[in-house]
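Visitor: Could you show me how to read the empty spaces inside a protein model?
Guide: Gladly; let us look at the structure together.

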Amino acid sequence: MGIGNVFERVFAGKWIAGARISDAIRRTRQLNALGESAIINYIGESLTDKRDIADAVSINLRLIREIRKEKLKASISLKLTALGLSVSKNLARKNYGRIVGAARRQGIFVWIDAESQDTIEDVISIYEGHVRKGGVGICLQSYLRRSGHLMQRLIKRKAVVRIVKGAYKESSKIAFETRKETTENYRMLMREAFAHLKEFTIATHDSSLIGEAMELNRSHRRRVTYAMLNGIRNRYAASLAAQGSSVAIYVPFGTRWIGYALRRLREESHLILVLRSLLGG
Ligand SMILES: Cc1cc2nc3c(=O)[nH]c(=O)nc-3n(C[C@H](O)[C@H](O)[C@H](O)COP(=O)(O)OP(=O)(O)OC[C@H]3O[C@@H](n4cnc5c(N)ncnc54)[C@H](O)[C@@H]3O)c2cc1C
């Protein structure tokens, strides 16, 4: 077995559900049995080949039918650059609209992942075109210096927001450089969400932020979901679900997993965390 295969096996087994829809469905069934839901992502980004983009659309449409057929507790999450945003905004808008239309008919919620900062304006404006009809959410990265403004814009639209710290490499002009600042900003965004939104997702493995959110929700009583990545602190996630919290696990599947795995690996001091997650979860 080559080094590539070893790498694939290790990561495919730990962070990625597998190559096929059936792998994501199997992982979702396990999570549902533990009282957790899944946020399923067909991995893909920065696609420019028309056939690859069309495949991404049709796999997401199949995924929606499978979730419905299997009566699973799951939403899906999409990157707009997998749906054609790197080719044209119109193509991404059209493909996203098609997937959202199908998902709405089946009662399945659709998230948009947050990508690198150059996509944000297009992503938010495409999302804004659909938010009124419901059933759609958007991810916001707390490392962005302007995420407070973006949050205000999303609050005005009564958006459903998933708050994350952010996983891309951005310049210090655009993003906070230290974990401390990013976490502090996360806290600010979280407080805004509690003050103004009915429903949102706290997506982090950071137990101090999760603890604070739980504390805030004692008085605010919002519909809060706590979300973590497949293979990272999943025992902790299961314990939150067992105590009655709404918990979702982000379950990526597909063969284009390199970019995803590299972002997890880059997460740093994270080498320790990555090793921990590989050993235990
Ligand atoms: C559901 C979900 C969806 C996401 N979607 C996006 C997206 O669309 N776009 C995007 O840019 N990013 C996304 N991310 C990734 C996110 O931006 C961060 O890169 C990632 O979550 C790591 O940051 P953290 O919030 O866990 O905090 P960190 O600062 O990385 O970690 C905080 C603390 O959590 C604990 N911890 C973390 N990992 C482990 C571990 N393996 N074992 C034990 N303890 C651990 C440690 O105590 C650590 O100090 C998503 C994350 C989640 C959970």
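**Surface, core and spaces**

Guide: The protein exposes about 13600 Å², and carbon and sulfur atoms supply 52% of that area (Shrake-Rupley method, 1.4 Å probe; for residues, only the protein chains shown count as cover). This is a predicted model, where local features need pLDDT of at least 70 and side-chain atom pairs count only at pLDDT 80 or more, while totals for chains, interfaces and linings use all residues. Residues are numbered from 1 along each chain as its sequence is written, and side-chain values use heavy atoms, with hydrogens and water left out.

Visitor: How many helices and strands are there in the protein?
Guide: There are 11 helices and 8 strands. Helices are DSSP runs of H or I with at least four residues, strands are runs of E with at least two, and both are numbered from the N terminus.

Visitor: What percentage of the residues is buried?
Guide: Buried means under 20% relative accessible area, exposed over 50%, and partly exposed in between, with a 1.4 Å probe and protein chains only. Here, 53% of the 281 residues are buried.

Visitor: Where can I see a buried strand?
Guide: Try β5, residues 160-164, where 5 of 5 residues are buried. V160, R162 and V164 point one way from the strand, V161 and I163 point the other way, and all are buried. β5 runs parallel to β4, with 5 bridges joining them; two strands pair if DSSP finds at least two bridges between them. At one of these bridges, I138 has V161 as its partner.

Visitor: And how do I find the empty spaces?
Guide: Rolling a probe the size of a water molecule over the atoms shows where empty space is left. On a 1 Å grid over the protein atoms alone, a cavity is a set of points where a 1.4 Å probe fits but cannot get out; a pocket is an open set with protein on both sides within 12 Å along at least five of seven lines; lining residues have an atom within 4 Å of a point. Points are joined across faces, edges and corners, and the volume is the space filled by probe spheres set on them. The search of the whole structure finds 2 cavities of 30 Å³ or more.

Visitor: Which residues are closest to the centre of the largest cavity?
Guide: They are A114, I120, V123, I124 and C139, out of 14 lining residues. The space in this cavity is about 120 Å³. Both α5 (120-128) and β4 (136-141) supply at least two lining residues, and β4 gives the most, with 4. The lining has 10 nonpolar, 2 polar and 2 charged residues. In this scheme Ala, Val, Leu, Ile, Met, Phe, Trp, Tyr, Cys and Pro are nonpolar, Asp, Glu, Lys and Arg are charged, and the others, Gly among them, are polar.

Visitor: What lines the second largest cavity?
Guide: Its lining includes N41, Y42, N60 and K79. β1 (37-42), α3 (50-69) and β2 (74-78) each give two or more residues. The volume is about 60 Å³, and the lining has 5 nonpolar, 4 polar and 1 charged residues.

Visitor: How many residues line the second largest pocket?
Guide: There are 27, with S37, A74, S75, F109 and T225 nearest its centre. About 470 Å³ of space lies in this pocket, and its lining divides into 13 nonpolar, 9 polar and 5 charged residues.
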